[in-house]
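These are my notebook entries on a single model. I set down what I looked up, in the order in which I looked it up.

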Amino acid sequence: MMADLGAEHADLREAIRTIHDYPKPGIAFRDISTLLGNPRAFRRAVDELVQPYAGAGISKVAGIEARGFILGGAIAHQLSCGFVPIRKRGKLPHTTVSISYALEYGTDTMEMHVDAVTKGERVILVDDLIATGGTASAAVQLLQKLGAEVAAACFVIDLPELGGADKIRALGVPVRTLIGFEGH
Ligand code: AMP
């Protein structure tokens with residue numbers, strides 16, 4: 001959503017800190033810890049992300065470890081939904097379903113409890129930022145594997161040049177983002 005690159009949500013944009021060359025040279029890390037620490041910005045981000053989904057029959061919010069837990073927990077509370085953690089391999093104690101996905105170098109695996117969602121349940125997926133969309137598309141596929149209907153994927157930040165949001169839309173899932181940043 002290139003339109004988001006402008007002044008829209010200027011207050012939220014200002015609440016996000018950019019750390020250049022972290023975790024490696026050339027990356028501009030969009031640090032939402034400053035947004036989370038700002039009471040008005042945190043509330044606003046949660047309110048804006050959930051606004052289209054109030055009364056939309058959503059029963060669960062799935063958050064991607066770890067920043068997706070913070071936003072997703074607040075969103076679930078706001079929508080009176082349950083919360084489902086999507087975690088890195090080996091962290092969940094009960095029987096899991098898993099999916100492996102490509103990283104820049106190698107692969108990673110994420111897991112969910114097999115009984116975390118039921119067939120036909122309407123779920124929204126939450127993370128802080130979508131870049132290439134590799135992480136979120138794996139999470140969508142994991143939810144779909146369990147029979148959930150992924151009603152939307154929500155992110156505070158989009159890096160539109162990396163095409164992640166389009167990748168999620170191509171899976172038939174609407175995407176909501178609040179702020180776009182240029183670059184990686
Ligand atoms: P991707 O799978 O490429 O869409 O990457 C998304 C995941 O990596 C999210 O969980 C983000 O928190 C994290 N991430 C990727 N790029 C950045 C960045 N520039 N700043 C902060 N987090 C990032």
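The entries below cover the pocket, the cysteines, one helix, and several points of backbone geometry.

**Entry 1. Status of the model.** I note at the outset that this is a predicted model.

**Entry 2. The largest pocket.** I looked up the volume of the largest pocket and found about 1,200 Å³ of space. I then asked which residues lie nearest its centre. They are Arg67, Leu103, Leu129, Ala131 and Thr135, out of a lining of 36 residues. Two or more lining residues come from each of strand 2 (28-31), helix 4 (67-79), strand 4 (82-88), strand 5 (96-102), strand 6 (107-113), strand 7 (122-130) and helix 5 (134-145). Which element gives the most to this lining? I found that strand 7 does, with four residues. By residue class, I recorded 19 nonpolar, seven polar and 10 charged residues in the lining.

**Entry 3. Cysteines.** I searched for disulfides and found zero in the structure. For my own reference, a disulfide is a covalent bond between the sulfur atoms of two cysteines. Why does Cys81 form no such bond? The cysteine sulfur closest to that of Cys81 belongs to Cys154 and is 11 Å away, which is too far for a bond. I checked from the other side as well: for Cys154 the closest cysteine sulfur is in Cys81, again at 11 Å and too far for a bond. I also looked up accessibility. Cys81 has 15% relative accessibility and counts as buried, and Cys154 is buried at 1%.

**Entry 4. Helix 4.** I compared the length of helix 4 with expectation. Its 13 residues should span 18 Å at 1.5 Å a residue, and the end C-alpha atoms are 19 Å apart, which agrees. I then listed the buried residues of helix 4: Gly68, Leu71, Gly72, Ile75, Ala76 and Leu79. Viewed down the axis of helix 4, the buried residues fall within an arc of 135 degrees, so they line one face of the helix. The general rule I kept in mind is that an α-helix has 3.6 residues a turn, so residues three or four places apart point the same way.

**Entry 5. Cis peptide bonds.** I examined omega and recorded a cis peptide bond between Tyr22 and Pro23, with omega at about 0 degrees. Pro23 belongs to the loop between strand 1 (17-20) and strand 2. I recorded another cis peptide bond between Glu65 and Ala66, where omega is also about 0 degrees. Ala66 sits in the loop between strand 3 (60-64) and helix 4.

**Entry 6. Positive phi.** I looked for positive phi values in residues other than glycine. Asp21 has phi near 60 degrees, and this residue lies in the loop between strand 1 and strand 2. Ser80 has phi near 55 degrees and lies in the loop between helix 4 and strand 4. Is Ser80 buried or exposed? I found Ser80 exposed, with a relative accessible area of 69%.

**Entry 7. Gly37.** I located Gly37 in the loop between helix 2 (33-36) and helix 3 (39-50). Its relative accessible area is 60%, and I therefore entered Gly37 as exposed. I last looked up its separation from Ala15: Gly37 and Ala15 are 22 residues apart in sequence, and their C-alpha atoms are 8.9 Å apart in space.

How values were computed:
Residues are numbered from 1 along each chain as its sequence is written. This is a predicted model: local features need pLDDT of at least 70, side-chain atom pairs count only at pLDDT 80 or more; totals for chains, interfaces and linings use all residues. Side-chain values use heavy atoms; hydrogens and water are left out. On a 1 Å grid over the protein atoms alone, a cavity is a set of points where a 1.4 Å probe fits but cannot get out, and a pocket is an open set with protein on both sides within 12 Å along at least five of seven lines; lining residues have an atom within 4 Å of a point. Grid points are joined across faces, edges and corners, and a volume is the space filled by probe spheres set on the points. Ala, Val, Leu, Ile, Met, Phe, Trp, Tyr, Cys and Pro count as nonpolar, Asp, Glu, Lys and Arg as charged, and the others, Gly among them, as polar. A disulfide is a pair of cysteine sulfur atoms within 2.5 Å. Buried means under 20% relative accessible area, exposed over 50%, partly exposed in between (1.4 Å probe, protein chains only). The expected span of a helix is 1.5 Å times one less than its number of residues. The arc is that of the directions from the helix axis to the C-beta atoms.
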